[in-house]
Amino acid sequence: YLLTRRWFGGKARRIHSALVSEKLPVGDGAMVWLVTVEYSGGEPETYLLPVAIAVGERAESLLKESPRAAIARLRRGGDLGVLHDAVWSESFRASLLQAVCRRRTLRGLSGQAAGTPFRPLRRLLGKVEEPLPSTLLGADQSNTSIVYGNRLMLKLFRRLEEGVNPDVEIGVHLTERTAFANFPAVAGSLEYRAVQGEPRTLGVLEAFVPNEGNARRYTLQTLGRYFERALARRSGPPAELLPRGSPLALCTDEVQAAAGDVLGTYLEAA
């Protein structure tokens, strides 16, 4: 199952074993597993895998609507069951948010996870009387993101490292100790502490910032339009516009007006 996940970073290595080294009950029968993956060579890695079991009609619905969530098929008597990634469960996503907002502690076999709210959380939540609806974002990379009511986003880290995650450390510093506001404010975190070893950040809760894409997509679209304009020109650029020297050295030079006209507003955005 791990080998089929986009967030699993060990695809190029030969797996020797995968051990569920910690189980953290979250509520409604769901758990967060910490899976230690040993390889034939090199250091082991630890991954976060939330799990839950769906039975009967719920299992059939899950297999039909969200087949990517299924980890394994189970049988309980005559009923079909599915062990699945719990992030596809609305109740599990709600429990994670409550764990952070209410400073809940999830006690496991050899450690515990604790939610910690930060100062911006109350402002971001506002006067909420009903639980915020949650949506699982589809673009998994090295983490999984959950959006709550277009107000908050919980980023779950799949590959866990020892120590405080930079997203939390830098975000808290910018949020609480500077006036810089051009980033999502950090509203809370979920951290695991074992009896021995450094703490591990399981997730960070941030302000949700709506967007229409990312810088890479915007750059590619702009580049495509630039090529169209360049091809439409009847002649090539004047010799004085052709760059001299390395791209690194050119970064510090002023852009000539004629070049700026061709590039449009992209330079300012970049």
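**Exercise 1. The open sheet**

In what order do the 7 strands of the open sheet stand, and is the pairing parallel or antiparallel?

*Solution.* A word on the ground rules comes before the steps. This is a predicted model, in which local features need pLDDT of at least 70, side-chain atom pairs count only at pLDDT 80 or more, and totals for chains, interfaces and linings use all residues. Residues are numbered from 1 along each chain as its sequence is written, and side-chain values use heavy atoms, with hydrogens and water left out.

Step 1: get the elements. Helices (H or I, at least four residues) and strands (E, at least two) are DSSP runs, numbered from the N terminus. Two strands pair if DSSP finds at least two bridges between them.

Step 2: read off the order. The open sheet runs β6-β7-β12-β13-β10-β9-β8, with antiparallel pairing.

Step 3: look at the edges. β6 (105–107) and β8 (134–136) each have a single partner strand, so one side of each is left without a neighbour in the sheet.

Step 4: add the twist, which averages 15° from one strand to the next. Axes are lines fitted to C-alpha atoms, for helices over the stretch in contact, and angles run from 0 to 180 degrees between N-to-C directions.

Step 5: zoom in on one pair. β6 joins β7 (residues 111–117) in the antiparallel sense over 3 bridges. Within β7, Ala 114 is the residue that stands opposite Thr 105.

**Exercise 2. A helix across the sheet**

Find the strands that helix α4 lies across, and the salt bridge that links α4 to β10.

*Solution.* Step 1: helix α4 (residues 166–177) lies across β10 (152–157), β12 (186–194) and β13 (200–207), at about 140° to β12.

Step 2: search for charged pairs. A salt bridge is a side-chain nitrogen of Lys or Arg within 4 Å of a carboxyl oxygen of Asp or Glu. Lys 155 and Asp 167 meet this way, at 2.7 Å from N to O. Lys 155 lies in β10 and Asp 167 in α4, so the pair ties together parts that are 12 residues apart in sequence.

Step 3: check accessibility. Buried means under 20% relative accessible area, exposed over 50%, and partly exposed in between (1.4 Å probe, protein chains only). Lys 155 is buried at 15%, whereas Asp 167 is partly exposed at 28%.

Step 4: look at Ser 189 in β12. Ser 189 is buried, with 10% relative accessibility. Contact means heavy atoms within 4.5 Å; beyond its neighbours within four places in sequence, Ser 189 has contacts that include Ala 114, Val 168 and Gly 203.

**Exercise 3. Glu 45 and its partners**

Which residues are linked with Glu 45 in a network of salt bridges?

*Solution.* Step 1: the whole structure holds 8 salt bridges. Arg 13, Glu 45, Arg 159 and Glu 161 are linked in a network of them.

Step 2: take Arg 13 and Glu 45, whose closest N and O atoms are 3.8 Å apart. Glu 45 lies in β3 (residues 45–55) and Arg 13 in the segment before β1 (15–27), so this pair ties together parts that are 32 residues apart in sequence.

Step 3: take Arg 159 and Glu 45, at 3.0 Å between the closest N and O atoms. Arg 159 is in β11 (residues 159–160) and Glu 45 in β3, so parts 114 residues apart in sequence are tied together.

Step 4: compare the surroundings. Glu 45 is buried at 8%, Arg 13 is partly exposed at 28%, and Arg 159 is partly exposed at 41%.

**Exercise 4. Two residues and their contacts**

Describe the settings of Leu 34 and Val 55.

*Solution.* Step 1: Leu 34 sits in β2 (residues 30–39) and is buried at 4%. Leaving aside neighbours within four places in sequence, the contacts of Leu 34 include Val 20, Tyr 47, Leu 160 and Tyr 192. From Leu 34 to Glu 161, the C-alpha distance is 12 Å, with their positions 127 residues apart in sequence counted as separation.

Step 2: Val 55 belongs to β3 and is partly exposed at 29%. Not counting residues up to four places away in sequence, Val 55 touches Arg 76, Asp 79, Leu 80 and Gly 81. The C-alpha atoms of Val 55 and Gly 81 are 4.3 Å apart, although the residues are 26 apart along the chain.
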